[in-house]
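Please look through the sequence and the model shown below before reading on. The report that comes after them is meant for a reader who has not met this structure before.

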Amino acid sequence: MNVREDGLEETTSNFWDSLPQPLSGFAALGLGLLLTALTTIACLGVVPWLPAHGVAMLFLLAVVGGAVAFGMLCGLSAAVSAFFAYNYFFLQPVSSFAISDPGDVISLAVFLGVAAASGSLAGRLREVADRARARSSSLQRLNAVAARLSSASTFSDVVEGLTQEASTACSGSAAVMRCAADGAVEPQAPADLSLSTADWQAAQRSLVTRQAVYPASPGWQGSAFAFYPIVVREKGEAILCIPAEAVADNASDAMFCAMARNAAVALERISLEAEKSTVRKEAEAERLRAALLSSVSHDIKTPLASIQGAVTSLRELGSQMPEEARADLLIAIQEESERLLRFVTNLLDMTRLQAGASGVLEDWVDLGDIVSASVVRARQLMPRARIDLDTSSVSAIIRGNETLLEHVIVNVVENSVNASDGDAEIDVKISENPEVYRVTIEDGGSGIAPEDLPQIFDKFFRGPETARRGSGLGLTIGREVMRAMGGTISAESPIAGGRGTRITLTFPKPDQASENAGGQI
Amino acid sequence: MSILPKVLVVDDEPQIQRFLKPSLTASGFAVVSAATAAEALRAFASTAPDIVILDLGLPDADGKTVIDAIRRGSAVPIIVLSARDREAEKIEALDLGADDYLNKPFGIGELLARVRSALRRSVGHGAPEPSELSIGGIAVDLPRHQVTKRGAVVHLTPKEFDLLSLLMRHAGKVITHRQLLHDVWGPANVSDSQYLRVFIGQLRAKLEDNPAEPRLILTEPGVGYRCADPH
């Protein structure tokens with residue numbers, strides 16, 4: 001469609017665009033007379049050299065030229081005045097409207113008929129061409145509006161785009177007024193728009209009736225603007241205001257109507273996208289909540305079961321147990337209390353996480369910064385492990401949540417330390433490729449059995465090495481958090497010489513992230 | 001000297017094993033421990049325990065597969081350990097043939113009581129069916145279809161009688177809603193638990209001293225019913 005309209009424009013514009021605007025009223029009539037007068041003078045000058053009917057041909061030329069250049073009225077005016085001028089100046093007897101030769105009467109009548117017909121035909125041709133040109137340009141404007149609005153992602157984008165395109169279309173100052181939540185017109189219109197009381201009423205009426213209100217509606221004394229309501233799902237969202245002089249004809253009215261509809265479609269799309277994104281965020285939060293709840297319930301119940309079991313055993317059967325069994329139960333109670341304390345501390349962290357869970361993507365965070373903070377915390381938690389950090393000089397700003405990320409990374413590092421025999425050596429690295437930032441955590445432990453590898457992110461899965469220490473949830477929470485941030489977590493093992501495990505976290509770079517999320521930020 | 005009864009404890013949590021072992025030993029049991037389903041089945045085959053205590057959350061396989069495997073060749077009592085909020089898991093385990101369950105966390109006394117009760121039932125297993133069951137003043141004369149409460153005859157409908165004798169025959173053992181419905185009303189009615197609620201209510205009204213605080217027919221919330229253990 002675009003191409004065809006452009007093509008039409010090309011073939012018609014060169015000639016017709018060079019023409020002046022068609023004239024109307026006295027200007028057209030006067031110009032017709034002037035053309036005739038000039039032609040008469042020219043003919044008088046060259047008449048001795050002209051054949052008998054040459055003069056009539058020159059007059060016809062003037063009529064057609066006038067009609068094409070200045071419109072049908074000018075052509076007709078030229079035709080009638082040429083009829084008289086030809087009779088008066090060139091037919092015998094000259095300088096009189098009398099005609100001596102009866103043959104000349106016929107010639108003159110034919111001349112009048114031909115002049116009037118060609119003048120009006122040429123004028124009509126001009127009008128048709130003008131209309132086609134107007135239609136083509138209004139279609140082009142609509143195309144431009146549609147293209148612009150379809151890429152708009154916020155209400156303001158739509159308002160701004162529509163204002164500019166409509167202003168261009170009416171070669172004046174169009175404006176877009178927003179509507180308040182209760183459906184009333186917002187009292188503050190754009191600053192460069194001054195509206196009278198009548199204008200305000202007209203605007204309000206367009207919202208109530210959901211129909212365009214024109215400057216001169218019947219029973220309406222009129223305002224200085226035409227108002228096109230932009231209605232999205234039965235609710236008036238905004239009003240397109242066009243100066244009265246720009247909506248004089250049906251074609252431009254239809255164009256502005258279409259622009260308003262275009263804007264409504266764009267606004268509806270934006271609101272649907274926002275809804276979709278809300279639903280998605282809620283689902284993310286829900287998934288995270290479920291993972292956290294299982295974690296909490298398991299992590300707290302296990303040590304409690306051990307403590308309760310050990311305490312009741314001591315109380316009820318302690319007298320029948322050997323001394324070392326009693327001592328071991330007491331140690332077990334102490335260890336489990338410490339474990340419980342750690343989980344509760346974790347839980348408090350998690351509660352904070354949970355509070356922020358719905359806003360996983362709300363912040364811009366520095367990945368390198370978080371990784372190094374996580375390594376510092378992991379070193380405090382596990383002073384015997386050697387944890388090396390290489391952040392190179394990658395500058396990685398991503399959308400995410402610092403607390404959640406720190407939790408995930410510390411968890412993974414802790415797992416790696418637990419998976420290593422004796423003194424653990426852990427390497428933490430950040431790298432990047434064109435699509436993603438990557439954090440890798442490598443250990444030199446005995447690795448993960450191939451049959452276990454697919455399950456390590458499953459809830460409550462614990463490998464033989466970590467079985468006695470972990471809760472079986474660290475990596476599950478990690479996976480949930482990474483998912484919520486649009487990233488991934490994966491494991492490889494063995495990585496070198498049949499040993500070691502590498503856990504890789506990937507974070508999409510911000511532009512990729514917004515593409516993946518369907519353009520929602 | 002009599003041979004100590006053997007207990008197979010299957011739990012992947014070392015802390016649970018840590019107190020179960022000395023407690024059971026001190027209570028006069030020989031303890032065999034296993035941390036995974038595979039280990040459990042190996043230990044079961046090689047030691048032939050008298051009772052199995054089984055945690056349902058095992059790292060290598062679902063604990064229910066262990067019940068299934070044991071039940072194919074043995075009627076040994078199985079007591080499952082599970083979290084309170086996992087009713088479905090417990091019901092499945094009981095329907096697969098587990099004898100009892102215990103919610104974690106639990107006290108050692110409770111576990112030992114369940115173990116002893118299950119062992120008693122298991123010793124009685126295979127003995128000729130008694131013609132009269134009696135618990136706490138309630139006596140059921142099976143051949144005559146007659147129930148007495150402290151000597152006075154109580155009139156029960158045939159379904160009430162079936163339900164009561166089923167529960168009393170397995171005194172101390174949890175019976176799931178599904179098992180009760182299946183055995184009393186037949187396989188087509190296993191999901192009509194409203195029948196069961198009504199009949200249990202009627203039985204309690206006729207037999208309990210205070211039906212609001214039953215002492216004979218006990219509710220195991222979300223799982224089933226249990227007739228009080230006479231011991």
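What follows describes the two chains in turn, then their surface patches, their salt bridges and a few single residues.

## The chains as a whole

The model is a predicted one, and the values given here are to be read with that in mind. In chain A there are 13 helices and 10 strands, and 44% of the 521 residues of this chain are buried. When contacts in chain A between residues at least 6 apart in sequence are considered, 64% of them join residues at least 24 apart. The surface that chain A exposes comes to about 26100 Å², with carbon and sulfur atoms supplying 59% of it.

Chain B contains 8 helices and 12 strands, and 52% of its 231 residues count as buried. For chain B, residues 24 or more positions apart account for 57% of the contacts that have a separation of 6 or more. Chain B exposes about 10500 Å², of which carbon and sulfur atoms supply 53%.

## Surface patches on chain A

Two patches on the surface of chain A can be described, beginning with a nonpolar one. Val46(A), Trp49(A), Leu58(A) and Leu61(A) together make this nonpolar surface patch, which has an area of about 450 Å². Within the patch, Leu58(A) has its place in helix 3, a helix that covers residues 54-70 of chain A. The relative accessibility of Leu58(A) is 31%, so this residue counts as partly exposed, and because patch residues must have over 30% relative accessible area, the value for Leu58(A) satisfies that cut-off.

The other patch is negative, and its members are Asp363(A), Asp366(A), Asp369(A) and Glu402(A). Of these, Glu402(A) belongs to helix 11, which is made up of residues 402-419 of chain A. With a relative accessible area of 43%, Glu402(A) is partly exposed.

## Salt bridges

Over all chains, a search of the whole structure finds 30 salt bridges. Three of the pairs are set out in the table below, each with the distance from N to O.

| Pair | Distance, N to O |
|---|---|
| Glu237(A) and Lys235(A) | 3.6 Å |
| Glu442(A) and Arg502(A) | 2.8 Å |
| Lys64(B) and Asp62(B) | 3.1 Å |

In the bridge between Glu237(A) and Lys235(A), where the closest N and O atoms are 3.6 Å apart, Lys235(A) counts as partly exposed at 31% relative accessibility.

How far apart in the chain are Glu442(A) and Arg502(A), whose side chains meet in a salt bridge? The pair links distant parts of chain A, since Glu442(A) lies in strand 8 (residues 436-443) and Arg502(A) lies in strand 10 (residues 501-508), 60 residues apart. Glu442(A) counts as buried at 18% relative accessibility, whereas Arg502(A), with a relative accessible area of 22%, is partly exposed. The two partners therefore fall into separate classes, because buried means under 20% relative accessible area, and the value for Glu442(A) is 18% while that for Arg502(A) is 22%.

In chain B, the side chains of Lys64(B) and Asp62(B) meet in a salt bridge. Lys64(B) counts as buried at 12% relative accessibility, and Asp62(B) is partly exposed with a relative accessible area of 36%. Elsewhere among the salt bridges, those that share partners join Asp100(B), Glu110(B), Arg114(B), Glu220(B) and Arg226(B) into one network.

## Two residues and their surroundings

Glu165(A) lies in helix 6, which spans residues 155-169 of chain A. Is Glu165(A) buried or exposed? With a relative accessible area of 15%, Glu165(A) is buried. When residues up to four places away in sequence are not counted, Glu165(A) touches Ala144(A), Val145(A), Arg148(A) and Met259(A).

Leu96(B) has its place in helix 4 of chain B, which covers residues 87-96, and Leu96(B) is partly exposed, with a relative accessible area of 33%. Leaving aside its neighbours within four places in sequence, Leu96(B) is in contact with Lys64(B), Ile67(B), Asp68(B) and Arg71(B). One of these contacts, Lys64(B), is also the partner of Asp62(B) in the salt bridge described above. From C-alpha to C-alpha, Leu96(B) and Thr65(B) are 9.2 Å apart in space, while 31 residues separate them in sequence.

Technical notes
Residues numbered from 1 in each chain as written. Chains lettered and ligands numbered in written order. Predicted model: local features only at pLDDT ≥ 70, side-chain atom pairs only at ≥ 80, totals over all residues. Heavy atoms only, no water. Patch = residues over 30% accessible without salt bridge, like charges linked within 9 Å, V, L, I, M, F, W, Y side chains within 5 Å. Areas by Shrake-Rupley, 256 points an atom, 1.4 Å probe, with all protein chains shown as cover. Salt bridge = Lys/Arg side-chain N within 4 Å of Asp/Glu carboxyl O. Lys, Arg positive; Asp, Glu negative; His and termini not counted. Charge placed at Lys NZ, Arg CZ, Asp CG, Glu CD. Helix = DSSP H or I, 4+ residues; strand = E, 2+ residues; numbered from the N terminus. Buried < 20%, exposed > 50% of the residue type's maximum accessible area, 1.4 Å probe, protein only. Contact = heavy atoms within 4.5 Å.
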